[in-house]
Amino acid sequence: SLINTDITGTECDWSAVFTFNVTNGCNEVTCQVTYTGVGDEAMAWDQIDLPQDETVECDEVPSPAILTVTTSTGSIPVEYSEERTDGSCEYNYILTRTWSASGNCGGTLTHTQVITVQDVTAPVLTGILPQGETGMNLCFADIPEGPDADEIKVLFTDNCGEVLVTKSGTPQGNNGGWSVTYVYDIIDECGNAADPVSITYTGG
């Protein structure tokens with residue numbers, strides 16, 4: 001007959017000792033049977049759809065997903081980390097996101113998502129561009145300077161970074177007849193270019 005049971009350890013590493021008293025009517029013997037085992041902890045993400053690798057515009061970077069893990073011994077914490085690898089400009093880079101969990105019995109579960117972030121959108125005109133003028137009754141020395149780069153810059157917006165404007169153009173002619181075309185090159189910090197703006201004045 002069973003006279004004692006001694007179970008020790010955890011779900012991950014355990015032993016069980018059963019003590020029996022055996023008699024055949026004349027003799028009585030006490031014996032023990034020992035079982036040992038290592039827990040087989042099942043681990044699984046609670047979410048069916050885990051974050052997948054993707055490529056996004058710089059103004060559409062998704063927030064990190066919240067992932068959870070359940071094991072055969074209960075819920076366990078999930079650690080999250082994110083690493084940024086810079087690219088060719090401020091808004092071209094790679095995010096490597098990692099979720100990891102360590103089980104109570106030494107098992108691990110890891111998921112990695114790689115997000116390629118890029119800026120491929122040029123600045124967009126949101127204001128009203130000034131117009132040039134022809135047939136102006138002005139001497140060569142009084143040729144209009146036209147808008148400066150900052151005045152054109154405020155007419156554009158970019159989805160991620162700063163708008164950069166460069167102005168060029170030199171008056172040609174004399175008091176009898178002159179002309180000038182100012183050209184404004186518009187780009188963002190990653191080099192995406194909008195259509196150049198040209199403003200022309202003529203006169204004499």
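This passage describes the fold, the cores, the strand pairings and the salt bridges of a predicted model.

The protein chain is built mainly around strands in its list of elements, with 17 strands and 1 helix. Of its 204 residues, 29% count as buried. The chain exposes about 12,500 Å², and carbon and sulfur atoms supply 49% of that area. Contacts can also be sorted by how far apart the two residues stand in sequence. Among contacts with a separation of 6 or more, 53% join residues 24 or more positions apart.

A good place to start is the interior. In soluble globular proteins, nonpolar side chains tend to be buried together. The largest nonpolar core here holds 17 residues, and the members that touch the most others are Ile 152, Phe 156, Val 165, Tyr 184, Ile 186 and Tyr 201. Two or more residues of this core come from each of helix H1 (149-153), strand E14 (163-168), strand E16 (177-188) and strand E17 (197-203). The largest share, 5 residues, is given by E16. Ile 152 shows how such a core is knitted together: leaving out residues up to four places away in sequence, Ile 152 touches Leu 129, Pro 130, Pro 147, Val 165, Tyr 184 and Ile 199. Another core, of 9 residues, lies apart from the largest one and includes Met 43, Leu 50, Val 69 and Ile 76.

Strand E16 deserves a walk along its length. In a regular strand the side chains alternate between the two faces of the sheet. This pattern can be followed in E16, where Trp 178, Val 180, Tyr 182, Tyr 184, Ile 186 and Asp 188 point to one face and are buried. The side chains of Gly 177, Ser 179, Thr 181, Val 183, Asp 185 and Ile 187 point to the other face and are not buried.

The partners of E16 come next. E14 and E16 pair in the antiparallel sense over 6 bridges, and within this pairing Val 165 stands opposite Ile 186. E16 and E17 also run antiparallel, joined by 7 bridges, with Tyr 184 placed opposite Val 197 in E17. A further antiparallel pairing, of 3 bridges, links E16 to strand E15 (residues 172-174). Here the bridge partner of Asn 174 is Gly 177 in E16, and a hairpin of 2 residues joins E15 to E16.

Elsewhere in the chain, 4 strands form an open sheet in the order E5-E10-E9-E8, with mixed pairing. Strand E5 (54-57) and E8 are the edge strands, each pairing on one side only. On average, neighbouring strands of this sheet are turned by 20° against each other, direction ignored. E8 and E9 are joined by 9 bridges and run antiparallel.

Glu 79 offers a view of one end of this pairing, as a residue of strand E8 (residues 79-89). Glu 79 is exposed, because its relative accessible area of 59% is over the 50% cut-off. Beyond its neighbours within four places in sequence, Glu 79 is in contact with Thr 98, Trp 99 and Ser 100. The C-alpha atoms of Glu 79 and Ala 101 are separated by 6.2 Å, although the two residues are 22 apart along the chain.

Charged side chains add another kind of link. Side chains of opposite charge can pair when their charged atoms come close. A search of the whole structure finds 3 salt bridges. In one of them, the side chains of Glu 82 and Arg 97 meet at 2.7 Å, N to O. Glu 82 lies in strand E8 and Arg 97 in strand E9 (residues 92-102), so this salt bridge ties together parts that are 15 residues apart in sequence. The two residues also stand opposite each other in the strand pairing. Glu 82 is partly exposed, at 41% relative accessible area, whereas Arg 97 is buried, at 3%.

Another salt bridge joins Asp 86 and Arg 84, at 2.6 Å from N to O. Asp 86 counts as exposed at 57% relative accessibility, while Arg 84 is partly exposed at 38%. Lys 153 forms a salt bridge with Glu 162, and their closest N and O atoms are 2.7 Å apart. Lys 153 is partly exposed, with a relative accessible area of 26%, and Glu 162 is partly exposed, at 38%.

Terms used. Residues are numbered from 1 along each chain as its sequence is written. This is a predicted model: local features need pLDDT of at least 70, side-chain atom pairs count only at pLDDT 80 or more; totals for chains, interfaces and linings use all residues. Side-chain values use heavy atoms; hydrogens and water are left out. A nonpolar core is a set of buried Ala, Val, Leu, Ile, Met, Phe, Trp, Tyr and Cys residues joined through side-chain atoms within 4.5 Å. Buried means under 20% relative accessible area, exposed over 50%, partly exposed in between (1.4 Å probe, protein chains only). Contact means heavy atoms within 4.5 Å. Accessible areas come from the Shrake-Rupley method with a 1.4 Å probe; for residues, only the protein chains shown count as cover. A salt bridge is a side-chain nitrogen of Lys or Arg within 4 Å of a carboxyl oxygen of Asp or Glu. Two strands pair if DSSP finds at least two bridges between them. Axes are lines fitted to C-alpha atoms, for helices over the stretch in contact, and angles run from 0 to 180 degrees between N-to-C directions.
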